[in-house]
Amino acid sequence: PGNGFDYLLHMRPREWPIMIAHTSLGYFLARGLTGGASAADAPALGTGLLSWVLLLNGGTLAINSAFDRDDGDIGYLDHPPPVPRHLALWGFSLMLAGQVLALALPRGFAIAYALCFAMSLLYSVPPVRLKAMAGADWIINMIGFGTLTPYAGWALTRVPLTHAGAWALGGFAPLFAALYPLTQLYQLEEDRARGDRTLALALGVRASLVVSITAVLLAFACFVRAAQLARAIDTTGVVALFVAAALWLAVLAPWMVRAPRMTSLAHKRGMYAALLAWACTDVAVLIAT
């Protein structure tokens, strides 16, 4: 299609369905847990998804690519094209446009957007570049993708956050703590060559997987507590959460056993299998609460 198409590719549209689902999760949790949202909120959901997914997330990933300049496969983009000259400006412009759009939406959404806007810049852009600092990269993603993304969907309903909702949304912080090291295991050599001190590099493969398993267990403890507070826990909810947790362990336990013999491609496949477990967890939390 031409070099201009590279700008779109570096926004990594393959991730958009995941972001749409995770943002919408908060919206539907608010409707289910409180009954306070209605069909009248649907236009806000559409505008919110445009702002959060295409503009904020797409712009964030474009800026990330602009400063990483990876040659090998990256998350949601195999064989990335050369970085266009104005990619960083393009990404920032998208994020800024999304913030303007967010100001017309409920205040909680606009505040969550502003927080993620700032964290995205701190994460990718030198001299701060938190993604190169082991631990800081982890925490910023736990907050941003893990909890603030579904909270943004909740905020679109204008329904106050309940205790059950806080436990449910909060549980996605440790769940992303489990996923984040997995997104780095197949990029260890490139990160090492670039001088980035990522969490996975600092921990090593085995320790990263131990952290992931521990974080998954903590996340599901939060989800069970959310269901209890919502007084929605029943056989169906228990089974849904059990199946989702089992899927995570079915990915992580064999991965840890085979880790010393795995290639970068095998680690990459494991990451995408974990993303499938994440999608099932979104559905399970909706069922359980």
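Here is a short, friendly exchange about one helix and some aromatic pairs in this predicted model.

Analyst: Happy to help! Local features here need pLDDT of at least 70, side-chain atom pairs count only at pLDDT 80 or more, and totals for chains, interfaces and linings use all residues. Residues are numbered from 1 along each chain as its sequence is written, and side-chain values use heavy atoms, with hydrogens and water left out.

User: What makes the span of helix H10 agree with its number of residues?

Analyst: Helices are DSSP runs of H or I with at least four residues, strands are runs of E with at least two, and both are numbered from the N terminus. The expected span is 1.5 Å times one less than the number of residues. For the 25 residues of H10 (205-229) that gives 36 Å, and the end C-alpha atoms lie 37 Å apart, so the two agree.

User: Why is the pair of Tyr-27 and Phe-28 called edge-to-face?

Analyst: Rings of Phe, Tyr and Trp (its six-membered ring) pair if their centres lie within 6.5 Å; planes under 30 degrees apart are stacked, over 60 edge-to-face, and the rest tilted. The structure holds 13 such pairs. In Tyr-27 and Phe-28 the centres are 5.0 Å apart and the planes stand at 90 degrees, so this pair is edge-to-face.

User: And why is the pair of Phe-172 and Trp-278 called tilted?

Analyst: Their centres are 5.8 Å apart and their planes meet at 45 degrees, so the pair is tilted. Phe-172 sits in helix H7 and Trp-278 in helix H12, 106 residues apart.

User: How do you know whether Phe-28 is buried, exposed or partly exposed?

Analyst: Buried means under 20% relative accessible area, exposed over 50%, and partly exposed in between (1.4 Å probe, protein chains only). Phe-28 has 39%, so it counts as partly exposed, whereas Tyr-27, at 2%, counts as buried.
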